[in-house]
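Please open the structure in your viewer and keep the sequence panel at hand. We will go from stop to stop, selecting a few residues each time.

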Amino acid sequence: IRFTHRKVCDGSNTKRQIVEIYRAQFTGTLTLPFNEADWNESEINFNGLLDTTRPAGQQIMQLVDEI
């Protein structure tokens, strides 16, 4: 799962904050209504799972904050 947030740092440069969860399992239901003319918000629930193919300390997620 990847969440990307675009942020404007100095009025002209757009940077990103990215959260990547390598393996996840949804809990409950997932409904994604879509409205082209308005904001779309969705509530989702999931559990992050270990990815044992990755090195220790890097098995669940990473956070990238562009500066």
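Let's begin with the salt bridges: this predicted model holds four of them. We will visit three stops on this theme.

**Stop 1: R2 and E20.** Select R2 and E20 and show their side chains. The two form a salt bridge, with 2.8 Å between the closest N and O atoms. R2 belongs to strand β1 (residues 2-8) and E20 to strand β2 (residues 14-21), so this pair ties together parts that are 18 residues apart in sequence. Now turn on a surface, if your viewer offers one. Is E20 buried or exposed? E20 counts as buried, because its relative accessibility is 17%, and the cut-off for buried is under 20%. R2, on the other hand, is exposed, with a relative accessible area of 52%.

**Stop 2: K7 and D65.** Next, select K7 and D65. This is another salt bridge, and its closest N and O atoms are 2.7 Å apart. K7 lies in strand β1 while D65 lies in strand β5 (residues 61-65), so the bridge ties together parts that are 58 residues apart in sequence. As for its surroundings, D65 is partly exposed, at 40% relative accessibility.

**Stop 3: D51 and its surroundings.** Move on to D51, in the loop between β4 and β5. Which residue forms a salt bridge with D51? Add R54 to your selection: the closest N and O atoms of D51 and R54 are 3.3 Å apart. R54 is partly exposed, with a relative accessible area of 33%, whereas D51 counts as buried at 12% relative accessibility.

Stay with D51 a little longer and select T53 as well. The side chains of D51 and T53 make a polar contact at 2.5 Å. Then add Y22, R23 and Q59: D51 touches these three, leaving aside residues up to four places away in sequence.

**Stop 4: a nonpolar patch.** Clear the selection and pick I1, F3, F26, L30 and L32. Together they form a nonpolar patch on the surface, with about 460 Å² of accessible area. Now highlight L32 by itself. Where is L32? L32 sits in the loop between β3 (23-26) and β4 (46-49). With a relative accessibility of 56%, L32 counts as exposed, as the cut-off for exposed is over 50%.

**Stop 5: the whole chain.** Finally, zoom out and switch to a cartoon view. How many helices and strands does the protein have? There are zero helices and five strands, and from the N terminus the elements run β-β-β-β-β.

Rotate the model slowly to get a feel for its dimensions. Along the principal axes, the C-alpha trace spans about 40 × 35 × 10 Å. The radius of gyration is 15 Å, while a compact globule of 67 residues would have one near 11 Å.

If you colour by accessibility, here is what to expect. Of the 67 residues, 6% count as buried. The protein exposes about 5,800 Å², and carbon and sulfur atoms supply 48% of that area.

One last thing to look for is how parts of the chain meet. Among the contacts with a separation of 6 or more, 46% come from residues 24 or more positions apart. To end the tour, you could return to K7 and D65, the salt-bridge pair from the second stop, and see where the two lie in the full view.

Definitions and conventions: Residues numbered from 1 in each chain as written. Predicted model: local features only at pLDDT ≥ 70, side-chain atom pairs only at ≥ 80, totals over all residues. Heavy atoms only, no water. Patch = residues over 30% accessible without salt bridge, like charges linked within 9 Å, V, L, I, M, F, W, Y side chains within 5 Å. Areas by Shrake-Rupley, 256 points an atom, 1.4 Å probe, with all protein chains shown as cover. Salt bridge = Lys/Arg side-chain N within 4 Å of Asp/Glu carboxyl O. Helix = DSSP H or I, 4+ residues; strand = E, 2+ residues; numbered from the N terminus. Buried < 20%, exposed > 50% of the residue type's maximum accessible area, 1.4 Å probe, protein only. Polar contact = N/O pair within 3.5 Å; in protein donor to acceptor, adjacent residues only side chain to side chain. Contact = heavy atoms within 4.5 Å. Rg over C-alpha atoms; globule rule 2.2 N^0.38 Å.
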